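Here is a short tour of one protein chain, written to be read with the structure open beside it. Pull up the model and follow along.

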Amino acid sequence: MIRRQRLAAGVCALLAALTAGIAFPAGAVADETEQAAPKVELVLDVSGSMRTRDIDGGTRMAAAKQAFNEVLDATPTEVRLGIRTLGADYHGDDRKEGCKDTAQLYPVGPLDRTDAKTAVATLAPTGWTPIGPALLKAADDLNGGTGTRRIVLISDGEDTCRPLDPCEVAREIAAKGIGLTIDTLGLVPDAKTRAQLSCIADATGGTYTDVRHKEELSDRVGQLVDRAADPVVTPVATHGADRCEKAPTLKSGLYTDRAEFGRQRWYRVDVEPGRELRASVSVADDRAVDPDYGVLLRAVTLHGREIVRGEAAGTGRTDVISTGLRYPKADSDDDTATPETVCLQVTQSFSAASGVKTTPGLPLELTVDVVDGPSGHHDVASFGLGRGWWLLGALVLTGFLAGLLWGWVSRWRVAVWRTN
């Protein structure tokens with residue numbers, strides 16, 4: 001009985017200590033900045049194949065019009081929405097002319113739902129499928145500003161304007177670093193269409209969706225438009241150098257770059273005494289690459305001495321590989337101490353599969369965060385508690401002594417009861 005009481009007292013003290021450590025974490029205050037208005041452009045395939053009747057007994061074009069009307073009714077007021085078509089105007093057989101057939105049906109801007117619906121109602125399946133040219137024009141339509149930018153491409157077939165490969169077009173758009181995402185939807189797609197639309201989405205970090213019913217189309221397009229209104233952190237485009245001396249100096253933030261095959265990328269970060277550098281890098285394979293690859297992130301001094309490294313390896317089972325590192329800069333009693341320049345080196349061992357273009361490079365995302373350093377040199381190995389270990393130890397000791405005292409009192413009471 002006494003042992004159980006002592007154990008309970010000790011456990012309660014330990015739980016109280018852990019609760020105290022968890023209840024008061026170090027808070028981080030983020031600057032809240034006003035988000036620019038998000039922009040979305042719906043790009044609709046109006047080629048002749050959209051006459052096909054295989055979506056709930058109606059044509060693909062009818063399903064698209066119904067979806068657009070429902071989405072226009074539900075579009076958030078803060079979203080600047082536009083509509084672009086491909087294959088809607090040219091009726092002839094000249095491929096060169098057909099591949100120019102893309103036009104902005106409704107300009108990107110504040111939405112007038114009546115005007116937009118009226119424009120959609122006039123569409124009739126007509127011509128070719130110039131997906132690549134339409135994506136290039138849509139990227140221009142969304143150019144400018146710092147808010148979220150998203151293209152939602154709806155098509156039922158492959159691009160008919162090769163050699164302008166829409167996958168290459170999507171990679172070039174992503175390589176500009178403008179933070180534009182392309183989501184694709186395939187209307188009753190075959191294997192080739194599915195592969196091409198998936199490739200376009202993958203190149204910009206977007207999504208691909210198979211659609212075979214009206215409700216699926218309306219729901220998915222609506223989700224993507226709503227997603228554009230969600231606040232997000234837009235990465236800042238940067239360009240790493242081939243050596244540290246020429247590298248850009250980065251502050252805390254999220255950055256995008258391109259990892260050229262067989263090339264290293266260098267960046268610089270200034271770390272003040274008493275601060276800690278936390279960096280991570282992710283490289284995505286947006287095209288076919290050989291299996292067995294890796295990524296290495298090193299923090300080195302200006303003189304080339306390695307401070308710390310992070311590395312990861314892959315075998316082709318995932319489409320992104322990531323690693324990171326931490327470097328706490330020791331505090332200094334010298335008030336005139338200057339920040340230390342840390343060089344970040346990114347090395348990746350991807351190799352393109354046979355026949356695959358190596359330009360532009362693979363998408364690279366770099367996160368840099370310079371935060372308050374640990375409270376002591378033991379904090380890195382102290383599970384983030386820092387000086388909280390002193391409090392934890394004191395509370396555990398107090399609980400132990402309280403348990404002993406409670407046990408002694410209990411034994412005294414039992415002895416008195418037996419005597420009486």
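## Leu401 and the patch around it

In this predicted model, Leu401 counts as partly exposed, because its relative accessibility is 49% and the buried label needs a value under 20%. You'll find Leu401 in helix α9, which covers residues 388-419.

Leu401 has nonpolar company out there. Together with Leu397, Phe400 and Leu404, Leu401 makes up a nonpolar patch on the surface, and the four have about 400 Å² of accessible area together. Helix geometry is worth keeping in mind here: an α-helix has 3.6 residues a turn, so residues three or four places apart point the same way.

## The chain as a whole

Zooming out, the protein chain is built with nine helices and 17 strands. Of its 420 residues, 42% are buried. The accessible surface adds up to about 22,400 Å², with carbon and sulfur atoms accounting for 54% of that.

Sequence-distant contacts feature heavily: if you take the contacts with a separation of 6 or more, 75% of them link residues 24 or more positions apart.

## Two nonpolar cores

Now for the inside. In soluble globular proteins, nonpolar side chains tend to be buried together. The largest nonpolar core here has 31 residues, and the members that touch the most others are Leu42, Leu44, Ile154, Leu185, Leu217, Val221 and Val225. Two or more residues each come from β1 (39-45), α2 (60-74), β4 (80-86), α4 (113-121), β6, β7 and α8 (214-228). Helix α2 gives the largest share, with seven residues.

Leu42 is a good place to start looking. Leaving out residues up to four places away in sequence, Leu42 touches Phe68, Leu81, Gly82, Ile83, Arg84, Val152, Val221 and Val225. Another core, of 28 residues, lies apart from this one, and its members include Ala259, Val271, Val281 and Ile321.

## Helix α7 and its surroundings

Helix α7 runs over residues 191-203, 13 residues in all, and spans 18 Å from its first C-alpha to its last, close to the 18 Å expected at 1.5 Å a residue. Its buried residues are Thr193, Gln196, Leu197, Ser198, Cys199, Ile200, Ala201 and Ala203. They pack against α5 (131-141), β6 (149-155), α6 (166-175), β7 (180-187), β8 (208-211) and β10 (253-259). Just past the end of α7, Gly205 adopts a positive phi of about 75°.

## Helix α6

How much of α6 is covered? Most of it, with seven of its ten residues buried. Those seven are Pro166, Cys167, Glu168, Val169, Ala170, Arg171 and Ile173. The cover over them includes α5, β7, α7 and β10.

Glu172 sits in α6 too, but it's partly exposed, since its relative accessible area is 45% and a residue has to be under 20% to count as buried. From Glu172 to Leu136 is 36 residues in sequence and 9.3 Å in space, C-alpha to C-alpha.

## Salt bridges

The salt-bridge count comes to 22. One of them pairs the side chains of Asp141 and Arg84, at 2.8 Å from N to O. Asp141 belongs to helix α5 and Arg84 to strand β4, so this pair ties together parts that are 57 residues apart in sequence. Is Arg84 buried or exposed? Arg84 counts as buried, because its relative accessibility is 6%.

Asp210 and Arg194 form another, at 3.2 Å from N to O. With Asp210 in strand β8 and Arg194 in helix α7, this pair ties together parts 16 residues apart in sequence. Both ends are partly exposed: Asp210 has a relative accessible area of 28%, and Arg194 comes in at 29% relative accessibility.

## A network of charges

Arg258 and Asp286 also meet in a salt bridge, this time at 3.5 Å from N to O. Arg258 lies in strand β10, while Asp286 is in the loop between β12 (275-284) and β13 (293-300), so the bridge ties together parts 28 residues apart in sequence. Both residues are buried.

Which residues join Arg258 and Asp286 in one network? Glu168, Arg171 and Arg287 do, through salt bridges that share partners. Glu168 and Arg171 are also among the buried residues of α6.

Technical notes:
Residues are numbered from 1 along each chain as its sequence is written. This is a predicted model: local features need pLDDT of at least 70, side-chain atom pairs count only at pLDDT 80 or more; totals for chains, interfaces and linings use all residues. Side-chain values use heavy atoms; hydrogens and water are left out. Helices (H or I, at least four residues) and strands (E, at least two) are DSSP runs, numbered from the N terminus. The expected span of a helix is 1.5 Å times one less than its number of residues. Buried means under 20% relative accessible area, exposed over 50%, partly exposed in between (1.4 Å probe, protein chains only). Contact means heavy atoms within 4.5 Å. A nonpolar core is a set of buried Ala, Val, Leu, Ile, Met, Phe, Trp, Tyr and Cys residues joined through side-chain atoms within 4.5 Å. Patches are made of residues with over 30% relative accessible area and no salt bridge: like charges are joined within 9 Å, nonpolar side chains (Val, Leu, Ile, Met, Phe, Trp, Tyr) within 5 Å. Accessible areas come from the Shrake-Rupley method with a 1.4 Å probe; for residues, only the protein chains shown count as cover.
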